[in-house]
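Subject: Structure handover and what turned up in it

Hi,

Here is the structure I promised to pass on to you. Please open it next to this email, and I will walk you through what was found.

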Amino acid sequence: MVELKSKDEIEKLKTACDVVREVLEKVEEKIKPGVSTKSIDIFIESIINSRSAIPSFKGYRGYPASSCISLNEVVVHGIPSEEKLKDGDIVSIDVGAYKNGFHGDAARTFCVGDVDNLLKKLVKVTEESFFEGIKYASDKYRLQDISHAIQSHVEKNGFNVIRDYFGHGIGRNLHEEPTIPNFGKPNRGIRLRAGMVLAIEPMVVVGDWNVAVLSDGWTVVTVDRKYAAHYENTVAITSNGPEILTM
Ligand code: CO
């Protein structure tokens with residue numbers, strides 16, 4: 001069952017989403033060659049703590065860090081490490097914060113220094129596909145209308161969407177119903193309603209959509225090792241259409 005949030009609950013959700021937004025704004029200054037992903041994670045955790053929030057991901061099913069930092073062929077769930085950003089990388093930063101009983105969740109993919117034009121396009125199309133998707137995040141549509149819009153925009157641009165990972169409802173729990181595929185058919189899935197809060201997160205690849213999980217149990221990579229991008233916001237469906245809470 002998909003839980004509908006009251007106005008009061010959405011106000012609380014916004015306080016968590018505000019923290020996520022602040023982190024993603026401030027983290028941009030750290031995106032340069034030579035910076036380790038671990039140091040970025042420490043920076044992120046310090047901002048979350050300074051806002052009296054808790055990192056949603058730390059300890060979630062044993063996840064060891066406050067953010068997911070996914071470089072290049074890593075699609076999602078990269079674990080921060082001593083590895084340093086280098087010129088030409090693309091890096092996705094995914095952050096969750098828990099405050100006043102609710103979670104906010106969002107991700108951005110950044111370019112490090114001078115990045116190949118195809119990868120710049122990948123990052124741009126991934127972001128655009130989110131905005132295509134939320135055109136359908138209203139009570140006039142069904143869940144897969146969002147999915148279909150994301151998939152269409154991605155494939156029209158020659159890229160592919162990941163099939164094995166999904167967006168999700170969000171609220172008192174980081175992951176709630178519904179599951180939100182980034183592929184689908186128009187006019188299918190549950191009817192959307194005001195009060196639903198969704199983390200919509202296109203994961204897009206240059207090559208084939210097949211993925212594997214590394215031996216650390218978390219890091220999701222493309223099997224062909226071609227690069228991936230990720231873009232996510234927490235979105236509330238209101239009677240006036242979508243409201244992006246983490247932007
Ligand atoms: Co998410």
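Which residues does Asp41 touch, not counting residues up to four places away in sequence? The contacts are Ala65, Ser66, Ser67, Ile69 and Pro80. Before going further, please keep in mind that this is a predicted model.

**Asp41**

Asp41 belongs to helix H2, which covers residues 37-50. The side chain is a charged one without a partner: Asp41 is buried yet has no salt bridge. The nearest side chain of opposite charge is that of Lys38, and it is 4.7 Å away. A salt bridge here requires a side-chain nitrogen of Lys or Arg within 4 Å of a carboxyl oxygen of Asp or Glu, so Lys38 at 4.7 Å does not qualify.

**Salt bridges**

Elsewhere, charged side chains do pair up. Side chains of opposite charge can pair when their charged atoms come close. The count for this model comes to 13 salt bridges.

Let me start with Lys14 and Glu243, whose closest N and O atoms are 3.2 Å apart. This salt bridge links distant parts of the chain, with Lys14 in helix H1 (residues 7-26) and Glu243 in strand S15 (residues 241-244), 229 residues apart. Lys14 is partly exposed, with a relative accessible area of 22%. Glu243 is partly exposed as well, at 31%.

Glu22 appears in two of the pairs I picked out for you. One is with Lys26, where the salt bridge has an N to O distance of 2.6 Å. Lys26 and Glu22 are 4 residues apart in helix H1, which means that about one helical turn separates them. The other is with Arg51, at 2.7 Å from N to O. Arg51 sits in the loop between H2 and S1 while Glu22 is in helix H1, so this salt bridge ties together parts that are 29 residues apart in sequence. In addition, salt bridges that share partners join Glu11, Lys14 and Glu243 into one network.

How accessible are the residues around Glu22? Glu22 itself is buried, with a relative accessible area of 15%. Lys26 counts as partly exposed at 35%, and Arg51 counts as partly exposed at 34%.

**The largest pocket**

If you are thinking about docking grids, you will probably turn to this part. The largest pocket has a volume of about 420 Å³. Its lining is made up of 21 residues, and those nearest the centre are Tyr60, His77, Phe166, His168 and His175. Two elements give two or more residues each to that lining, namely strand S7 (167-169) and strand S8 (176-180). Sorted by class, the lining has 10 nonpolar, 5 polar and 6 charged residues.

**Backbone details**

Most residues other than glycine have a negative phi, and most peptide bonds are trans. A few places in this model depart from that pattern, and you may like to look at them on screen.

The peptide bond joining Glu177 and Pro178 is cis, with omega at about 0°. Pro178 is in strand S8, and strand S8 is one of the elements that contribute to the pocket lining.

Ser52 is not a glycine, but its phi is positive, at about 55°. You will find Ser52 in the loop between H2 and strand S1 (54-55). Asn72 also has a positive phi, near 55°, and lies in the loop between strand S2 (67-71) and strand S3 (74-76).

Are these two residues buried or exposed? Ser52 counts as exposed because its relative accessibility is 62%. Asn72 counts as buried because its relative accessibility is 4%.

**Thr238**

One last spot is Thr238, in strand S14 (residues 233-238). Leaving out residues up to four places away in sequence, Thr238 touches Ala194 and Glu243. Glu243 is the residue that forms a salt bridge with Lys14. As for Leu143, which is 95 residues from Thr238 along the chain, the C-alpha atoms of the two are separated by 15 Å.

Happy browsing, and do write back with any questions.

Best wishes

Conventions: Residues numbered from 1 in each chain as written. Predicted model: local features only at pLDDT ≥ 70, side-chain atom pairs only at ≥ 80, totals over all residues. Heavy atoms only, no water. Buried < 20%, exposed > 50% of the residue type's maximum accessible area, 1.4 Å probe, protein only. Lys, Arg positive; Asp, Glu negative; His and termini not counted. Contact = heavy atoms within 4.5 Å. 1 Å grid on protein atoms, 1.4 Å probe; cavity = no way out; pocket = protein on both sides within 12 Å on 5 of 7 lines; lining within 4 Å. Points joined across faces, edges and corners; volume = space filled by probe spheres on them. Nonpolar A, V, L, I, M, F, W, Y, C, P; charged D, E, K, R; others polar.
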